[in-house]
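Hello,

Here is the structure I promised to pass on to you. Have a look at it first, and then read my notes below.

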Amino acid sequence: MTVYATIKKLACDKNITIRHIERDLDLSNGSISKWDKSIPRADNLQKVADCLGATTTYILNKSKEGK
């Protein structure tokens, strides 16, 4: 699972779209989807984690599962 997949699952569980998160956090359109192949900046990951009620540790640990 990637960072993006983890975030997408958390967002779906809360009925929030990735686009909605990007807009609310003033991130560029499509920036979160790029995390499918790259590591996000710590400050942006923290913003997204806070928005989803999760911790960065949880997101990063979940993204390591299955590798």
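Let me start with the charges: the protein chain carries 12 positive and 8 negative side chains, and the centres of these two sets are 4 Å apart. Please keep in mind as you read that this is a predicted model.

Now for the overall picture. The protein chain has 4 helices and 0 strands, so its pattern along the sequence reads α-α-α-α. Its radius of gyration is 11 Å, close to the 11 Å that the globule rule gives for 67 residues, so the protein chain is as compact as a globular protein of that length. The C-alpha trace spans about 30 × 25 × 15 Å along its principal axes.Of the 67 residues in the protein chain, 37% are buried. Among the contacts with a separation of 6 or more, 56% are between residues 24 or more positions apart. The surface that the protein chain exposes comes to about 4300 Å², and carbon and sulfur atoms supply 51% of that area.

Next, the inside. In soluble globular proteins, nonpolar side chains tend to be buried together. The largest nonpolar core here has 17 residues, and those with the most contacts inside it are Ile-7, Ile-21, Ile-32, Trp-35, Val-48, Leu-52 and Ile-59. Helices α1, α2 and α3 (42–52) each supply at least two residues of this core. The largest share, 5 residues, comes from α1.

Which residues does Ile-21 touch, leaving aside its neighbours within four places in sequence? Its partners are Ala-11, Ile-16, Ile-32, Val-48, Cys-51 and Leu-52.

One of those partners, Ile-16, is worth a look of its own. Ile-16 is found in the loop between α1 (3–13) and α2 (18–24). With a relative accessible area of 22%, Ile-16 counts as partly exposed, because the buried class needs a value under 20%. Apart from its neighbours within four places in sequence, Ile-16 is in contact with Ala-11, Ile-21 and Leu-52. If you want a distance to check in your viewer, Ile-16 and Ile-39 are 23 residues apart in sequence and 22 Å apart in space, C-alpha to C-alpha.

The same loop between α1 and α2 also holds Asn-15. Is Asn-15 buried or exposed? Asn-15 is exposed, with a relative accessible area of 74%. Its backbone caught my eye as well: most residues other than glycine have a negative phi. The phi of Asn-15, however, is positive, near 55°.

Asp-26 is another residue with a positive phi, about 60°, although it is not a glycine. Asp-26 lies in the loop between α2 and α3, and at 71% relative accessibility it counts as exposed.

Leu-27 lies in the loop between α2 and α3 too, but Leu-27 is buried, with a relative accessible area of 11%. Not counting residues up to four places away in sequence, Leu-27 touches Arg-19, Glu-22, Ile-32, Asn-44 and Val-48. Two of these partners, Glu-22 and Asn-44, are polar residues that I followed up.

Glu-22 lies in helix α2. At 2% relative accessibility, Glu-22 counts as buried. Where do its contacts fall, once neighbours within four places in sequence are left aside? Glu-22 is in contact with Leu-27, Ser-28, Asn-29, Gly-30, Ser-31, Ile-32 and Ser-33.

Asn-44 is found in helix α3, and it counts as buried at 14% relative accessibility. Leaving aside its neighbours within four places in sequence, Asn-44 is in contact with Leu-27 and Trp-35. The second of these, Trp-35, is among the residues with the most contacts inside the core. As for Leu-27, the C-alpha atoms of Leu-27 and Asn-44 are separated by 8.1 Å, and the two residues are 17 residues apart along the chain.

If you open the model with these residues in mind, Leu-27 may be a handy place to begin, with Glu-22 and Asn-44 both among its contacts. From there you can go on to Ile-32, which Leu-27 also touches and which is one of the residues with the most contacts inside the core.

Best wishes

Terms used:
Residues are numbered from 1 along each chain as its sequence is written. This is a predicted model: local features need pLDDT of at least 70, side-chain atom pairs count only at pLDDT 80 or more; totals for chains, interfaces and linings use all residues. Side-chain values use heavy atoms; hydrogens and water are left out. Buried means under 20% relative accessible area, exposed over 50%, partly exposed in between (1.4 Å probe, protein chains only). Contact means heavy atoms within 4.5 Å. A nonpolar core is a set of buried Ala, Val, Leu, Ile, Met, Phe, Trp, Tyr and Cys residues joined through side-chain atoms within 4.5 Å. The radius of gyration is taken over C-alpha atoms; the globule rule is 2.2 Å times the number of residues to the power 0.38. Accessible areas come from the Shrake-Rupley method with a 1.4 Å probe; for residues, only the protein chains shown count as cover. Lys and Arg count as positive and Asp and Glu as negative; His and the chain ends are not counted. The place of a charge is taken as NZ of Lys, CZ of Arg, CG of Asp or CD of Glu.
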